[in-house]
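Biologist: Could you take me on a close look at one part of this model, the second largest cavity, and then show me what sits around it? What is its volume, and which residues line it?

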Amino acid sequence: MRQATVCIHKQALQHNFQRVKQLVPTAKVVCMVKANAYGIGVQPAIEAFDEADAFGVACLDEALEIRKLGNQKPITLIEGVFSQNEMAIAVAEKIECIVHHQQQLDWLYNYKEQYQQAGLKVWVKLNSGMNRLGFKVPEIIDVIQQLKSDGFHCVLAMHFANADVPDHPMNQHQISQLLQVKAACMPIEVSCCNSAAIFNYPELHFDYVRPGIMLYGASPFEDRSAQDLGVQPAMQFNAAIIAINQIKAGEFVGYGSRYKAPKDMTIAVVSIGYGDGYPRAFVKDNFVAIEGQLVPVVGRVSMDMITIDVTDIAAQVTIDTPVELWGKTRLVDDVATANGTIGYELLCRLTNRPKRIIE
Ligand SMILES: Cc1ncc(COP(=O)(O)O)c(C=O)c1O
């Protein structure tokens with residue numbers, strides 16, 4: 001059988017949740033489980049985050065998946081509903097909505113009584129400079145005041161564009177807008193911190209924080225590793241060696257004959273490729289890990305295979321030797337950097353091909 005496995009460590013997920021609680025002693029925690037819990041899998045994630053105050057998802061289908069698993073915790077739709085019909089379902093399933101444009105407000109008002117009777121909060125999105133979703137200042141102040149006077153319980157929600165870069169000038173601009181709206185709408189609950197902001201802005205935790213990537217044991221920062229942040233990789237992505245070849249100096253490896261052996265080498269073929277979600281971009285040296293040692297990837301990544309240079313550890317490897325693509329030794333963030341992307345993307349874009357194991 002093809003050895004390609006994605007092993008999810010629930011203990012690591014639980015550890016990472018506790019790390020959030022340690023950093024955020026008072027605010028409620030909305031665990032972000034959108035995009036199949038960043039590729040980890042919704043079920044193990046919500047089971048591991050059983051102390052979460054709420055879950056955050058990007059669309060109604062993701063919320064309904066949580067309900068189908070029998071979980072009745074509060075859920076926030078961070079883009080709100082996309083139609084009147086979705087609002088009806090959201091209310092029936094007790095799912096809280098963000099509102100970020102007028103049409104969503106109209107849909108909300110059409111379900112005003114039901115929404116309020118279900119005890120649901122309205123999350124009102126501030127566009128403070130990211131220019132994706134939200135009402136700008138001063139419009140948002142009118143929106144919130146109207147909602148409040150119509151009996152809605154509001155949460156003021158904002159998202160940082162540069163929370164991972166603490167001295168980025170946009171941060172102060174966004175914070176000052178948030179504080180201005182907060183002051184104008186008191187009393188109001190507030191939520192603005194993703195993982196990076198949880199670390200960088202303890203004074204802005206307010207009522208709800210919304211961690212994502214740190215729960216899965218990866219880092220939102222370029223210059224701080226998961227270990228630096230005190231979180232543990234929740235995903236172990238492994239494959240195995242399926243062939244070992246001796247090649248001579250000057251021979252080529254893989255598609256495009258892009259890698260030319262500088263010396264006589266031992267090349268192992270590993271049963272993983274971009275068909276599994278292993279990245280192909282390769283912008284700088286990339287490695288896998290074997291028994292805790294980093295081993296270079298050489299040649300192009302194929303759909304089902306990669307080739308690695310095991311010359312220095314030839315005596316240690318055989319057919320079936322396990323190879324870590326990412327996990328405890330080779331961090332997903334480092335694989336991402338070697339491929340010009342971010343850990344978030346690699347976790348999310350894994351395919352269903354590798355076998356999933358929940359531990
Ligand atoms: C609105 C919102 N809040 C929180 C998060 C979680 O961010 P992170 O994974 O960086 O913690 C996201 C993720 O994209 C988001 O879109």
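Modeller: Happily! The second largest cavity has a volume of about 50 Å³. A cavity here is a set of points, on a 1 Å grid over the protein atoms alone, where a 1.4 Å probe fits but cannot get out, and lining residues have an atom within 4 Å of a point. Grid points are joined across faces, edges and corners, and the volume is the space filled by probe spheres set on the points. Please keep in mind that this is a predicted model, in which local features need pLDDT of at least 70 and side-chain atom pairs count only at pLDDT 80 or more, while totals for chains, interfaces and linings use all residues. Residues are numbered from 1 along each chain as its sequence is written, and side-chain values use heavy atoms, with hydrogens and water left out.

Around this space you will find Tyr-216, Gly-217, Ala-218, Pro-233, Ala-234, Met-235, Trp-326, Gly-327, Val-332 and Leu-347. Eight of these lining residues are nonpolar, two are polar and none is charged. In that count, Ala, Val, Leu, Ile, Met, Phe, Trp, Tyr, Cys and Pro are nonpolar, Asp, Glu, Lys and Arg are charged, and the others, Gly among them, are polar. Because domain 1 (10-218) and domain 2 (235-358) both give residues to the lining, the second largest cavity lies between them; the domain bounds come from an automatic or database domain assignment.

Two names from that lining, Tyr-216 and Trp-326, come back in the largest nonpolar core. That core has 119 residues, and Tyr-216 and Trp-326 are among those that touch the most other members, along with Val-33, Phe-49, Val-124, Tyr-278 and Ile-308. Helix α8 (residues 139-149) gives the largest share of this core, five residues. Both domain 1 (10-218) and domain 2 (235-358) contribute residues, so this core too lies between them. Apart from it lies another core, of six residues, including Ile-247, Met-265, Ile-267 and Val-298. A nonpolar core means a set of buried Ala, Val, Leu, Ile, Met, Phe, Trp, Tyr and Cys residues joined through side-chain atoms within 4.5 Å; buried is under 20% relative accessible area, exposed over 50%, and partly exposed in between (1.4 Å probe, protein chains only).

Now for the other cavity: the search of the whole structure finds two of 30 Å³ or more, and the largest has a volume of about 70 Å³. Its lining includes Lys-125, Arg-132, Met-158, His-159 and Gln-174, and divides into four nonpolar, six polar and two charged residues.

Helix α8 also leads us to a backbone detail. Pro-138 is found in the loop between β6 (122-125) and α8, and a cis peptide bond with omega of about 5 degrees joins Val-137 to Pro-138. Helices (H or I, at least four residues) and strands (E, at least two) are DSSP runs, numbered from the N terminus. Another cis bond runs from Met-186 to Pro-187, with omega near -10 degrees; Pro-187 is in the loop between α9 (169-184) and β8 (189-193). Most peptide bonds are trans.

Finally, Phe-282 has a positive phi of about 55 degrees although it is not a glycine. At 33% relative accessibility, Phe-282 counts as partly exposed.

Terms used. On a 1 Å grid over the protein atoms alone, a cavity is a set of points where a 1.4 Å probe fits but cannot get out, and a pocket is an open set with protein on both sides within 12 Å along at least five of seven lines; lining residues have an atom within 4 Å of a point.
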